[in-house]
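Colleague: I should like to understand how the terms applied to this structure are justified. May I ask you to set each value against its criterion?

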Amino acid sequence: MAAEFACKGHDVTMYTSKPDGWQREVSVYDRDDNILFKGKLTTITDSMQKAVEDAEYIWVTTPAMLFSRVSENMLPYVHSGQKIGVVPGSGGAEFAFRGLMKKGCILFGLQRVHSIARIKEYGKKVYELGRKPEIQIGAIPSSAKEDICNVVRNLFNMPCASTDNYLSITLTPSNPILHTARLYSIFKEYTLGVTYPRNFLFYEEWTDDSSEILLACDKELQILCDVIPLDLSSVKSLREHYESKTIAAMTKKISGINAFKGLTSPMKKVDKGWVPDWDSRYFTTDFSFGLKIIKDIAGMFKVPTLHMDKIWDWYVETANPDRAKVFSMQLDTKSFLEIY
């Protein structure tokens, strides 16, 4: 993103904890190692003040588990009118960045990432894979969405559509359901001491069991969207998103996506084989700040989520996450709806 925006002539500042590991010119490649474009960054810094105080748009691409920390670090330096874009926008951004919005900042989020990125050489070269046909955004306040959409459309040279509200971003059935359903399917029999002979391909070895639990969670989410008194029509079912209405069709679709090929599971090597890597963002973010948020919202509106509950309960029992690092809804229904 930084390279693309710089390539279009914008002044781009990269905030990173490792500025010495970056070079100003960043090259973006396709899967076949052909250069797509290059962009020269204006500034590379580990100073949050220097990074954000004069920025018109501030793009947050950290995992959701870090949103609150990022928000606290930004708070002293932001000002009214700045736009804060979260990529992707799910994970409770509207709760973590409330302090910035109170200062007059505008929050917006992408419903899904515009493409998949993989590092070729840290701070210098990156792959762009599976670029989407369109970007969808939501904003708080919602009145800002069309102006932001026009800017985003030009930044990415991609069609951009706005959702009616930011909750449509939060409830998108992407990683919070996609990753968690798959991980449950892979590791549901895991107990301490068990090892696996290899690291499984996360998407290419997708199974019917994974599709079955995924579609069950997707159905529960759609029921929740029907109950909440907001327009959530842009929260498309995965059956529609992947054009796969049956378990077998979903398995065939996900396992055959080219941009996902070669991606392994969140596992780590130990003496006797492979075990789940509980520190991976697939667990720490997609469960604790993905599935958990959807479950809390469903609980607020008294919508049963039996399959999501089964996945969540398995994660808590098996991974034993630090509960201080797990999302917890602190709002009542009225205050929750007023956000959007």
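Modeller: Certainly. The model is a predicted one, and leucine 232 may serve as the opening case, with a relative accessibility of 6%.

Colleague: Why is leucine 232 called buried?

Modeller: The term buried requires a relative accessible area under 20%. Leucine 232 has 6%, and therefore counts as buried. This residue lies in the loop between α9 and α10.

Colleague: Which residues are in contact with leucine 232, leaving aside its neighbours within four places in sequence?

Modeller: They are Asn165, Leu167, Ser168, Leu171 and Cys225. Contact here stands for heavy atoms within 4.5 Å. As for distance, the C-alpha atoms of leucine 232 and alanine 139 are separated by 14 Å, and the two residues are 93 apart along the chain.

Colleague: What makes serine 90 buried?

Modeller: The limit is again under 20%. Serine 90 has a relative accessible area of 11%, so the word buried applies. Its place is in the loop between β6 (83–86) and α4 (93–96). Beyond its neighbours within four places in sequence, serine 90 is in contact with Ala64, Phe67, Ile169, Thr170 and Pro176. Serine 90 and proline 321 are 231 residues apart in sequence, and their C-alpha atoms are 20 Å apart in space.

Colleague: How do you know that arginine 239 and aspartate 218 form a salt bridge?

Modeller: The criterion asks for a side-chain nitrogen of Lys or Arg within 4 Å of a carboxyl oxygen of Asp or Glu. For arginine 239 and aspartate 218 the N to O distance is 3.7 Å, and the pair qualifies. Arginine 239 lies in helix α10 (residues 238–241) and aspartate 218 in helix α9, so the salt bridge ties together parts that are 21 residues apart in sequence.

Colleague: Why is arginine 239 described as partly exposed, and which word fits aspartate 218, buried or exposed?

Modeller: Partly exposed covers what falls between buried, under 20%, and exposed, over 50%. Arginine 239 stands at 28% and therefore counts as partly exposed. Aspartate 218 stands at 0% and so counts as buried. Helix α9, in which aspartate 218 has its place, covers residues 208–227. Leaving aside neighbours within four places in sequence, aspartate 218 is in contact with Pro173, Ser237, Leu238 and Arg239.

Colleague: What makes aspartate 296 and lysine 292 a salt bridge, and why are they separated by about one helical turn?

Modeller: Their closest N and O atoms are 3.0 Å apart, and the limit is within 4 Å. The separation is about one helical turn because aspartate 296 and lysine 292 are four residues apart in helix α13. Aspartate 296, at 18%, is buried, and lysine 292, at 9%, is buried as well.

Colleague: Which residues are joined into one network by salt bridges that share partners?

Modeller: That network consists of Glu4, Lys8, Glu128 and Arg131. Within it, glutamate 128 and arginine 131 have their closest N and O atoms 2.8 Å apart. Glutamate 128 is buried at 15%, whereas arginine 131 is partly exposed at 31%. The whole structure holds eleven salt bridges.

Colleague: How many residues line the second largest pocket, and what are they called by type?

Modeller: The space in this pocket is about 410 Å³. Its lining has 18 residues, and those closest to the centre are Met65, Thr284, Phe289, Lys325 and Val326. By type, the lining divides into ten nonpolar, three polar and five charged residues. At least two lining residues come from each of α3 (67–74), α13 (287–300) and α14 (306–319). Helix α3 gives the most, with three.

Colleague: How do you know that the radius of gyration agrees with a compact globule?

Modeller: A compact globule of 340 residues would have a radius near 20 Å, and the chain has 20 Å, so the value agrees. The C-alpha atoms fill a box of roughly 50 × 50 × 40 Å along the principal axes. Of the 340 residues, 52% count as buried. Among contacts between residues at least 6 apart in sequence, 71% join residues at least 24 apart. The chain has 15 helices and 13 strands.

Conventions:
Residues numbered from 1 in each chain as written. Predicted model: local features only at pLDDT ≥ 70, side-chain atom pairs only at ≥ 80, totals over all residues. Heavy atoms only, no water. 1 Å grid on protein atoms, 1.4 Å probe; cavity = no way out; pocket = protein on both sides within 12 Å on 5 of 7 lines; lining within 4 Å. Points joined across faces, edges and corners; volume = space filled by probe spheres on them. Nonpolar A, V, L, I, M, F, W, Y, C, P; charged D, E, K, R; others polar. Buried < 20%, exposed > 50% of the residue type's maximum accessible area, 1.4 Å probe, protein only. Rg over C-alpha atoms; globule rule 2.2 N^0.38 Å.
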